[in-house]
Amino acid sequence: LTLQGHTKSVKSVTFSPNGKGLATGSADHTSKIWGFASGKELLTLQGHTELVSSVAFSLDGKHLATGSWDNTAKIWDLATGKELLMLQGHTESVSSVAFSPDGKLLATGASDSTGRVWNLTTGKDLLMLQGHTESVSSIAFSPDGKLLATGSRDKTTKIWDLAAGKDILMLQGHTESVNSIAFSPDGKRLATGASDNTVKIWDLATGKDVLTLQGHTDDISSVVFSPDGKRLATGAFDNTAKIWDLAPGEG
């Protein structure tokens, strides 16, 4: 299936929770919603004034969050295609967006070296996460919504306790920028992909990396666990995607 409609490069893509739709964010300043079965464009979301760098569906599939180089994030109603909220506060481009599991919060990571957590009822930021020394390139909620992880160009990943509003763990080991992070479905592990061409799996109870995945020959751009947590998919600038069996490394 080839989805054609954007007029410039596609920077972000994600499946809807039910697997029937797809969202894309583009350098043409728009996001699009596509029907996966038909391959047809269902909706074009216009409002950003710069490249759309990140897209994320809410878990109920009713809303889409978009992050942009215009320093804002937006929440869209997918039933109407209308913009519900514009979240302003970052001073540089927003590189990553993530809904909390209950859909009440949005986390954003930006080139201003901070992460923010937003109340989607009020549109106000509840928390600013400060501690990284370079851009926050990736952000993710834990499955229970109690923790937040941020990956940065400063080569580190931080784990934040949202109730306390502070970082409780710093994961160090990569020698280049951390580009993508993902919690395992049980919330006990974190995967990090970096520009040192490696992926690391971390035990969050100890803060130690229990597995290093080597095989890509260029920057890792994306990591995601399978729903059962036994495999990891990785994408890289070497034009390949790989599927890894994690079981041997856990034994």
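Two strands count as paired if DSSP finds at least two bridges between them. The exercises below apply this to a predicted model.

**Exercise 1. The open sheet**

Task: Determine the strand order of the open sheet formed by 3 strands, and find which strands stand at its edges.

Solution:
- Step 1. The order is β21-β22-β23, and the pairing is antiparallel.
- Step 2. The edge positions belong to β21 (220-225) and β23 (241-245); each has a single partner strand, so one side of each is left without a neighbour in the sheet.
- Step 3. From one strand to the next, the twist averages 20°.
- Step 4. Between β21 and β22 (residues 231-236) there are 5 bridges. Across this pairing, valine 224 faces alanine 233 of β22.

**Exercise 2. Strand β10 and its two partners**

Task: State which strands pair with β10, and how many of the residues of β10 are buried.

Solution:
- Step 1. Strand β9 (residues 94-99) pairs with β10 through 5 bridges in the antiparallel sense. One residue pair to look up is serine 96, whose bridge partner in β10 is glycine 109.
- Step 2. The hairpin of β9 and β10 has 5 residues between the strands, and glycine 103 in this hairpin has a positive phi near 75°.
- Step 3. β11 is also joined to β10 by 5 bridges, and these two strands run antiparallel. Here alanine 107 stands opposite valine 117 of β11.
- Step 4. With 4 residues between them, β10 and β11 form a hairpin as well.
- Step 5. The cut-off for buried is under 20% relative accessible area. By this criterion 5 of the 6 residues of β10 are buried, and the strand is mostly covered.

**Exercise 3. Positive phi outside glycine**

Task: Compare histidine 29 and serine 113 by phi, by place in the chain, and by whether each is buried or partly exposed.

Solution:
- Step 1. Start from the background: most residues other than glycine have a negative phi.
- Step 2. Histidine 29 has a positive phi near 80°. Serine 113, also not a glycine, has a positive phi of about 75°.
- Step 3. Histidine 29 sits in the loop between β2 (21-26) and β3 (30-35). Serine 113 sits in the loop between β10 (105-110) and β11 (115-119), in the turn of the hairpin made by those two strands.
- Step 4. Histidine 29 has 29% relative accessibility and therefore counts as partly exposed. Serine 113, at 15%, counts as buried.

**Exercise 4. The surroundings of serine 12**

Task: Locate serine 12 and describe what its side chain meets.

Solution:
- Step 1. Serine 12 belongs to strand β1 (residues 10-15).
- Step 2. Its relative accessibility is 13%, so serine 12 counts as buried.
- Step 3. A polar atom of the serine 12 side chain lies 3.3 Å from the backbone nitrogen of valine 55.
- Step 4. Neighbours within four places in sequence are left aside; the contacts of serine 12 are then Ala23, Thr24, Gly25, Ser53, Ser54 and Val55.

**Exercise 5. Threonine 198 and strand β19**

Task: Describe the polar contacts of threonine 198, then place its strand among the neighbouring strands.

Solution:
- Step 1. Threonine 198 is in strand β19 (residues 198-203) and, at 10% relative accessibility, counts as buried.
- Step 2. Its side chain makes a polar contact of 3.4 Å with the side chain of histidine 174. Another polar contact, of 2.8 Å, links the side chains of threonine 198 and aspartate 196.
- Step 3. Residues up to four places away in sequence are not counted; among the others that threonine 198 touches are Thr192, Gly193, Leu213 and Ile220.
- Step 4. Strand β18 (residues 189-194) pairs with β19 in the antiparallel sense over 5 bridges. Leucine 190 faces tryptophan 202 of β19. The hairpin of these strands has 3 residues between them, where asparagine 197 takes a positive phi near 75°.
- Step 5. Strand β20 (residues 208-214) pairs with β19, again in the antiparallel sense, over 6 bridges. Aspartate 203 stands opposite lysine 208 of β20. In this hairpin, with 4 residues between the strands, glycine 207 has a positive phi near 80°.
- Step 6. Of the 6 residues of β19, 5 are buried, so the strand is largely enclosed by the rest of the structure.

Terms used
Residues are numbered from 1 along each chain as its sequence is written. This is a predicted model: local features need pLDDT of at least 70, side-chain atom pairs count only at pLDDT 80 or more; totals for chains, interfaces and linings use all residues. Side-chain values use heavy atoms; hydrogens and water are left out. Buried means under 20% relative accessible area, exposed over 50%, partly exposed in between (1.4 Å probe, protein chains only). Axes are lines fitted to C-alpha atoms, for helices over the stretch in contact, and angles run from 0 to 180 degrees between N-to-C directions. A polar contact is a pair of N or O atoms within 3.5 Å; within protein, one must be able to donate a hydrogen and the other to accept it, and residues adjacent in sequence count only if both atoms are side-chain atoms. Contact means heavy atoms within 4.5 Å.
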